[in-house]
Every structure is written in structure tokens, then in C-alpha cells.
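Me: I am new to this structure, and I would like to go through some of the terms used for it. Please take them slowly and give the reasoning behind each one.

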Amino acid sequence: MEAYLRQIYAIYYQFLSYFPPRYHFIVSLALALLLVYAIYKVIKRNFIFIILLVLLLPQSVPILKTVWEGALKILEFLINRR
């Protein structure tokens with residue numbers, strides 16, 4: 001789990017490096033607000049499916065790990081592409 005967090009932090013800091021240091025707070029705040037809004041929309045739209053996911057989560061952990069690793073690789077590829 002710690003390795004995943006290091007990967008996320010590395011990608012995030014690389015993304016922030018594209019902006020001048022004085023805008024880092026504004027960009028971080030905008031991303032945080034966007035993330036909260038996206039989570040709210042997902043919960044609002046898919047409440048029943050989220051309940052089913054919580055009930056079935058113990059069986060789906062390996063699948064979710066694979067999806068998470070794939071999403072990280074795609075995000076890393078998109079950020080590193082020049």
C-alpha cells in the first residue's frame with residue numbers, strides 16, 4: 001500500500017511541477033474540490049451499486065488491485081508523454 005502512495009505522490013508532484021510554485025496551492029485546492037465533487041456525483045448516482053460493492057468487496061480485492069495498477073500506469077503514461 002505504501003508503494004502505491006509513493007507512486008501517487010510522485011505523479012502528483014510531477015504534475016505540480018508544470019505550474020509555477022506560487023500556483024501550487026490554487027491547483028491543489030482546485031483538484032481537491034474536483035475530487036470531492038466527483039465523489040459526490042458518483043455516490044449520488046450509484047448508491048445501490050456502492051452498497052453492493054461494500055457487500056462483495058472481500059471477494060473483489062484482487063480485481064480492484066489490478067484495476068488500480070492499470071489506472072496508475074495509464075496516468076503515469078499520460079503525464080510522462082511529451
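Me: Which helix gives the most to the lining of the largest pocket, and with how many residues?

Reply: This is a predicted model, and in it helix 2 gives the most to that lining, with five residues. The lining of the largest pocket is made up of Y12, F15, S28, L31, A32, L34 and L35, and the elements that contribute two or more residues to it are helix 1 (2–16) and helix 2 (24–45). About 300 Å³ of space lies in this pocket.

Me: How do the residues of that lining divide into nonpolar, polar and charged?

Reply: They divide into six nonpolar, one polar and no charged. Tyr, Phe, Leu and Ala count as nonpolar, whereas a residue outside the nonpolar and charged lists counts as polar, and S28 belongs to the lining of the largest pocket.

Me: What lines the second largest pocket, and which element gives the most to its lining?

Reply: I8, I11, Y12, F15, W68, A71, L72, L75 and I79 line the second largest pocket. Helix 1 and helix 3 (47–80) are the elements that give two or more residues to this lining, and helix 3 gives the most, with five residues. The space in this pocket is about 250 Å³, and the residues of its lining divide into nine nonpolar, no polar and no charged.

Me: How many aromatic pairs does a search of the whole structure find, and why is the pair of Y12 and Y13 called tilted?

Reply: The search finds three aromatic pairs. In the pair of Y12 and Y13 the ring centres are 5.7 Å apart and the planes are at 55°; centres within 6.5 Å make a pair, and an angle that is neither under 30 degrees nor over 60 counts as tilted, so the name follows. Ring pairs also link Y9, Y12 and Y13 into a cluster.

Me: Why is Y13 called exposed, and what is Y12 called?

Reply: Exposed means over 50% relative accessible area, and Y13, at 53%, therefore counts as exposed. Y12 has a relative accessible area of 26%, which is neither under 20% nor over 50%, so Y12 is called partly exposed.

Me: What makes the pair of F15 and F19 edge-to-face?

Reply: The planes of F15 and F19 are at 70°, with 5.3 Å centre to centre, and because an angle over 60 degrees counts as edge-to-face, the pair takes that name. Both residues are partly exposed, F15 with a relative accessible area of 28% and F19 with 32%.

Note on methods: Residues numbered from 1 in each chain as written. Predicted model: local features only at pLDDT ≥ 70, side-chain atom pairs only at ≥ 80, totals over all residues. Heavy atoms only, no water. 1 Å grid on protein atoms, 1.4 Å probe; cavity = no way out; pocket = protein on both sides within 12 Å on 5 of 7 lines; lining within 4 Å. Points joined across faces, edges and corners; volume = space filled by probe spheres on them. Helix = DSSP H or I, 4+ residues; strand = E, 2+ residues; numbered from the N terminus. Phe/Tyr/Trp six-rings, centres within 6.5 Å; stacked < 30°, edge-to-face > 60°. Buried < 20%, exposed > 50% of the residue type's maximum accessible area, 1.4 Å probe, protein only.
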